[in-house]
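Please open the model in a viewer and keep the sequence panel beside it. The tour below proposes a series of selections and describes what each one shows.

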Amino acid sequence: MSSLLKVDNELKVKVDAFRERITGEAENLVVHFFPKKLLELDHFLKDPDLNIDDLKEIHSEINLTVPDPILLPNLNDGLEAQNTKKRKLEDGTGEDKVTGTKVFVMPGGMMKSNAKLVDLIEKVKPEIRTLIEKCNTVKMWVQLLIPRIEDGNNFGVSIQEETVAELRTVEGEAASYLDQISRYYITRAKLVSKIAKYPHVEDYRRTVTEVDEKEYISLKIIVSELRNQYVTLHDMILKNSEKIKRPRSSNTDALY
């Protein structure tokens, strides 16, 4: 039965050309690009930059000196300050807050990021973006192969839907990796600001090194997951390629 909606012939030709282009790109991705990329990422995982045993090598120096302590010339000054603070609390005009050191400029200029991690992140981010883009192309291809809804004979359609769901999941996970990198920069920036304001607190300095080490480990896990996702998609689509391309062998004209 023909469609009740009529499409302009010129537009139909362009849409058909688009479908053919997506089909060619997607099949090339599954057959050639995915296996090539998984081998590249597997080789990347063996890179010395991702296999540092002593994590102290990725630590970045925090160039913020601890200022000399301020000595009160008269002990009564300290008592007077405490009494004034107490009176403010009793009157409800003040709060018990530690204000810390006022920071107008960094003594050594701009506080640099961890250079080693920044270089590693700049290598990983393009791989994340590539996976998202290629998954989107393959997902579109499979969606265009889904036939018209009919009663029965939907086993092949269910395989197509599961494939689309897997591709969508991989896209979402890859996007979350980018969010994770952004959160790392924000967290580290807040900690460095705390160090500038409270330079005498050693725990803030130690936390920065812990955050750096955590991010390094996370980046290695991300590369490993990217490789695994290429392996999974390549294997899944190849094994089910017949049902994905011809979900209803008895009614191939039903494809829309």
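Which side chain is joined to that of Asn114 by a polar contact? Select Asn114 and Asp212: their side chains are joined by a polar contact of 3.1 Å. Please bear in mind throughout that this is a predicted model.

**The whole protein**

Before going further, display the full chain as a cartoon. The protein contains 6 helices and 0 strands, and its elements, read from the N terminus, follow the order α-α-α-α-α-α. Among contacts with a separation of 6 or more, 87% are between residues 24 or more positions apart. Of the 256 residues in the protein, 30% are buried. If a surface is switched on, the accessible area comes to about 17,200 Å², and carbon and sulfur atoms account for 54% of it.

**Asn114 and the start of H3**

Return to Asn114, which is placed in the loop between helix H2 (75-91) and helix H3 (115-145). Is Asn114 buried or exposed? Its relative accessibility is 2%, so Asn114 counts as buried. Show next the residues that Asn114 contacts beyond its neighbours within four places in sequence: Ile58, His59, Ser60, Tyr184, Arg188 and Asp212. Asn114 also caps the N-terminal end of H3, where a side-chain oxygen lies 3.2 Å from the backbone nitrogen of Lys116.

**Along H3**

Select H3 as a whole. Its 31 residues, at 1.5 Å a residue, should span 45 Å, and the end C-alpha atoms are 46 Å apart, which agrees. Within H3, pick out Ile121. Because its relative accessibility is 0%, Ile121 counts as buried. Leaving aside neighbours within four places in sequence, the contacts of Ile121 are Ile181, Tyr184, Tyr185, Glu215 and Leu219. A distance label between the C-alpha atoms of Ile121 and Ile181 should read 7.8 Å, although the two residues are 60 residues apart along the chain. Tyr184 links this stop with the previous one, as it appears among the contacts of Ile121 and among those of Asn114.

**Helix H1**

Move now to helix H1, residues 9-44. At its N-terminal end, Asp8 acts as a cap: a side-chain oxygen of Asp8 lies 3.1 Å from the backbone nitrogen of Glu10. The 36 residues of H1 should span 52 Å at 1.5 Å a residue, and the end C-alpha atoms are 49 Å apart, which agrees. Look along H1 for a kink of about 45°, centred on Leu29. Leu29 is also one of the buried residues of H1, which include Ile22, Ala26, Val30, Phe34 and Lys37. What do the buried residues of H1 pack against? They pack against H3 and helix H5 (202-239).

**The nonpolar core**

In soluble globular proteins, nonpolar side chains tend to be buried together. To view this model's largest nonpolar core, begin with Ile128, Val138 and Trp141, which touch the most other members among its 48 residues. The elements that each give two or more residues to this core are H1, H3, helix H4 (155-197) and H5. Then centre the view on Trp141. Not counting neighbours within four places in sequence, Trp141 contacts Ile22, Thr23, Ala26, Glu27, Ile237, Ile244 and Lys245. Of these, Ile22 and Ala26 are buried residues of H1.

**Two last stops: H4 and H5**

Select Glu171 in helix H4. With a relative accessibility of 12%, Glu171 counts as buried. Beyond residues up to four places away in sequence, Glu171 touches Ile132, Cys135, Asn136 and Lys139.

Finally, select Tyr204 in helix H5. Is Tyr204 buried or partly exposed? At 24% relative accessibility it counts as partly exposed, because buried means under 20%. Tyr204 contacts Leu191, Lys194, Ile195 and Tyr198, apart from neighbours within four places in sequence. Val192 may be added to the view as well: Tyr204 and Val192 are 12 residues apart in sequence, and their C-alpha atoms are 7.8 Å apart.

Key: Residues numbered from 1 in each chain as written. Predicted model: local features only at pLDDT ≥ 70, side-chain atom pairs only at ≥ 80, totals over all residues. Heavy atoms only, no water. Helix = DSSP H or I, 4+ residues; strand = E, 2+ residues; numbered from the N terminus. Buried < 20%, exposed > 50% of the residue type's maximum accessible area, 1.4 Å probe, protein only. Polar contact = N/O pair within 3.5 Å; in protein donor to acceptor, adjacent residues only side chain to side chain. Contact = heavy atoms within 4.5 Å. Expected span 1.5 Å × (residues − 1). Bend = angle between axes of the 7 residues up to and from the residue. Core = buried A, V, L, I, M, F, W, Y, C linked by side-chain atoms within 4.5 Å. Areas by Shrake-Rupley, 256 points an atom, 1.4 Å probe, with all protein chains shown as cover.
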